[in-house]
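Open the model in a viewer and keep the sequence panel visible. The stops below go from one selection to the next.

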Amino acid sequence: MEWSDARRSAELAQVAYWDAPISDLITPFRGTYPEDNAVGFERRIKNRMLSTRNRGFVAIGDGEVVGYMQCVRLGDDEGGLQVMKEKKKWWSGLAEVGYGIYMKCAAWIFPDRSQSEEGLKEFGKAGVVEDEKHWKGREDRKNRWHAQSVVVSEQWRGRGVGKKLMAWVLERAQSEGVIIGLEASMMGERLYRSLGFDLLDRFIFRIDGCEADDGGIMMWSPK
């Protein structure tokens, strides 16, 4: 994933999540402010890219981006330190801090009007609970890759694009001997099961409009 891929990737994410119950909670005003909603996705994608722990990949079909994946390496084991070393430049820290300041200023001057502050807080609290239940304090899960976002254009689903996007992190996790964690939607759960992921548990926090078996926390373990 290159910096220039962020806008197109954001467009794909916006379409993919437009009718999702989570969007009704977090961005209930996206219909009124669709441009703000798209910019919000782009900001999050770029913010992830700045981290030396982040890796991103795009799938190209018919000359354009038709899917993307972003993942992050957590932990301070040898593999985690190597990941940072591979991407770190002398200006990496300055870029991360500088863009962080820019993001805060941009959010203050041009806030994402599609969002609900109450919805964001509610979702954030749920994330903390999930983290404490499945990841925090678990030495066997501290060092891991975490898939942050995997999105494929609807026209390209069912054609192996998602598996190809996940191939790098699966190979890397296997070589490092660490797990991969992620939060899966109902649709994503089918993909991840086919790749060898196991369901740890359904989401604790149930969003209105979601079924009881609509995705959950999943984990892949090296063979």
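Start with Arg 113, which is partly exposed at a relative accessible area of 45%. The classes are buried (under 20% relative accessible area), exposed (over 50%) and partly exposed (in between), with a 1.4 Å probe and protein chains only. This is a predicted model, in which local features need pLDDT of at least 70, side-chain atom pairs count only at pLDDT 80 or more, and totals for chains, interfaces and linings use all residues. Residues are numbered from 1 along each chain as its sequence is written, and side-chain values use heavy atoms, with hydrogens and water left out.

Now add Asp 36 to the selection. Its side chain meets that of Arg 113 in a salt bridge, 2.8 Å from N to O. The pair links distant parts of the chain, 77 residues apart: Asp 36 sits in helix 3 (residues 34-50), and Arg 113 in the loop between helix 5 (92-109) and helix 6 (117-134). Asp 36 is buried, with a relative accessible area of 14%. A salt bridge here is a side-chain nitrogen of Lys or Arg within 4 Å of a carboxyl oxygen of Asp or Glu; by this rule the count is 17. Helices (H or I, at least four residues) and strands (E, at least two) are DSSP runs, numbered from the N terminus.

Stay on helix 3 and select Glu 42 and Lys 46, which are 4 residues apart, about one turn of the helix. Their side chains form a salt bridge at 3.1 Å, N to O. Glu 42 is buried at 12% relative accessible area, and Lys 46 is buried at 15%.

Next, select Arg 55 and Glu 86, a salt bridge whose closest N and O atoms are 3.2 Å apart. Arg 55 lies in strand 1 (residues 54-61) and Glu 86 in helix 4 (residues 78-87), so the pair ties together parts 31 residues apart in sequence. Arg 55 is buried at 12% relative accessibility, whereas Glu 86 is partly exposed at 39%. Extend the selection to Arg 73, Asp 77, Arg 172 and Glu 176: with Arg 55 and Glu 86 they are linked in a network of salt bridges.

Last stop: helix 9 (residues 186-194). Which of its residues are buried? They are Gly 188, Glu 189 and Tyr 192. Viewed down the helix axis, these fall within an arc of 110° (taken from the directions from the axis to the C-beta atoms), so they line one face of helix 9. Their cover includes strand 3 (144-152), helix 8 (161-176), strand 4 (179-184), strand 5 (198-202) and strand 6 (216-220). Just after helix 9, select Gly 196, which has a positive phi of about 100°.

Conventions
Contact means heavy atoms within 4.5 Å.
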